[in-house]
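This briefing is about a protein chain and the two ligands placed with it. Please look at the sequence and the structure first, then read the points below.

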Amino acid sequence: MATDPTAQKPFDRLLLTGAAGGLGKVLRETLRPYAKTLRLSDIADMAPAGSGEEVQICDLSDKQAVHQLVDGVDAILHFGGVSVERPFEEILGANICGVFHIYEAARRHGVKRIIFASSNHVIGFYKQDETLDAHSPRRPDGYYGLSKSYGEDMASFYFDRYGIETVSIRIGSSFPEPQNRRMMSTWLSFDDLTQLIERALYTPNVGHTVVYGVSDNKTVWWNNHLASHLGFTPKDCSEVFRDKVEAQPMPAADDPAMVYQGGAFVAAGPFGDE
Ligand code: NAI
Ligand code: 15L
């Protein structure tokens, strides 16, 4: 049973990075009940601050700027960064230096809880007929997946060393609806994402918990038994979109989108050979 967010607000000020992005725009609306103040940040422009909001432009690769950004917040939802496969140099500043800056700033400013937007691409090289849990060895499918894997290790280290707790959400595909056959398995509705974030914020003693962010789809590749303490019970299911998705041409059986959990990401790159 989801906690009534209006009954208690455990956090005065929540920081959301990546607030100008696809998920950030959604969470800007749905996270409103969970804090007195939402601090919204991105490198890109955002809509001006409304009631109960603060807007702060910040490049995650800028250590000093991130330290200023984190000053005064109680918990962080780290959704900012490069969200697709790109050359390593682009991933390095935003995702790898960026996640380090966020954790160091959290340590210095006494932040005790982080929700990290990890990705299914930390395990993207598994085949679609395999079922994984949070202890399955990671098999990143590119520099982007590697950066999320590094972020999870950063979370683990900062818990062991400094007691900063993190829920790393390995988000599947969080869009208004599944866009292809693969996403029939990986889809995470916005409502289920919001519920999962609520559980990640409210559940005590999470240590470093890894949870797969996926809706209650008919066929899923990920088992969340190791994150059962969160009490995440997804409500939505991709089946309602099946006819629409299956009206698309069928890809070849050996297309990465049909073979690997990470889909087309496994075949992106190499970059910089030209
Ligand atoms: P998005 O690309 O729409 O949003 C990411 C935001 O990060 C953008 O607004 C961008 O301007 C910002 N950003 C990029 N570089 C930055 C930098 N150096 N400093 C500050 N901000 C920077 O991605 P989306 O779909 O909203 O995803 C949000 C997060 O969730 C990302 O971390 C992504 O990796 C993760 N995720 C999303 C999934 C999805 O299905 N939407 C699946 C798995 C993970
Ligand atoms: C991700 O990690 C990306 O951020 C998102 O744009 C989707 O491509 C998603 O994974 C996916 O695997 O569908």
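A polar contact is a pair of N or O atoms within 3.5 Å. By that cut-off, a polar side-chain atom of H121 makes such a contact with ligand 2, because the atom lies 2.7 Å from an oxygen atom of the ligand. The model discussed here is a predicted one. The points below take the chain as a whole, then each ligand, and then two details of the backbone.

**The chain as a whole**

- The secondary structure of the chain consists of eight helices and seven strands.
- Along its principal axes, the C-alpha trace spans about 50 × 50 × 40 Å.
- Why can the radius of gyration be said to agree with a compact globule? A compact globule of 274 residues would have a value near 19 Å, and the chain has 18 Å, so the two agree.

**Ligand 1**

- Around ligand 1 there are 26 residues, and those that come nearest are L23, D42, S83, Y144 and S174.
- Two of the contacts with ligand 1 involve the backbone of the protein: a backbone N or O atom of L23 lies 2.8 Å from an oxygen atom of the ligand, and a backbone N or O atom of L60 lies 2.9 Å from a nitrogen atom of the ligand.
- D42 uses its side chain instead, with a polar atom 2.6 Å from an oxygen atom of ligand 1.
- On its own, ligand 1 has 820 Å² of accessible area, and the protein covers 85% of that area.
- The space that ligand 1 takes is the largest pocket.
- Which elements give two or more residues to the shell around ligand 1? They are α1 (22-30), β5 (113-119) and α4 (143-162).
- The largest share of this shell comes from β5, which gives three residues.
- Sorted by class, the shell around ligand 1 holds 12 nonpolar, 11 polar and three charged residues.

**Ligand 2**

- The residues around ligand 2 are S83, S119, N120, H121, Y144, G172, S173, F175, R182, M183 and F265.
- S83 and Y144 appear in this list, and both are also among the residues that come nearest to ligand 1.
- Besides H121, the side chains of N120 and Y144 have polar atoms close enough to count: an N or O atom in the side chain of N120 is 3.0 Å from an oxygen atom of ligand 2, and a polar side-chain atom of Y144 lies 2.6 Å from an oxygen atom of ligand 2.
- How much of the accessible area of ligand 2 does the protein cover? The protein covers 82% of the 320 Å² that this ligand has on its own.
- The space taken by ligand 2 is the largest pocket, and the space taken by ligand 1 is also described as the largest pocket.
- By class, the shell around ligand 2 is made up of four nonpolar, six polar and one charged residues.

**Backbone details**

- The peptide bond from G269 to P270 is cis, and its omega is near 0°.
- P270 is placed in the segment after α8 (256-259).
- Where in the chain does N205 lie? N205 is in the loop between α6 (190-202) and β7 (208-213).
- N205 has a phi near 50°, which is a positive value in a residue other than glycine.

Technical notes:
Residues numbered from 1 in each chain as written. Chains lettered and ligands numbered in written order. Predicted model: local features only at pLDDT ≥ 70, side-chain atom pairs only at ≥ 80, totals over all residues. Heavy atoms only, no water. Near = heavy atom within 4 Å. Polar contact = N/O pair within 3.5 Å; in protein donor to acceptor, adjacent residues only side chain to side chain. Areas by Shrake-Rupley, 256 points an atom, 1.4 Å probe, with all protein chains shown as cover. 1 Å grid on protein atoms, 1.4 Å probe; cavity = no way out; pocket = protein on both sides within 12 Å on 5 of 7 lines; lining within 4 Å. Sits in = over half its atoms within 2 Å of the grid points. Helix = DSSP H or I, 4+ residues; strand = E, 2+ residues; numbered from the N terminus. Nonpolar A, V, L, I, M, F, W, Y, C, P; charged D, E, K, R; others polar. Rg over C-alpha atoms; globule rule 2.2 N^0.38 Å.
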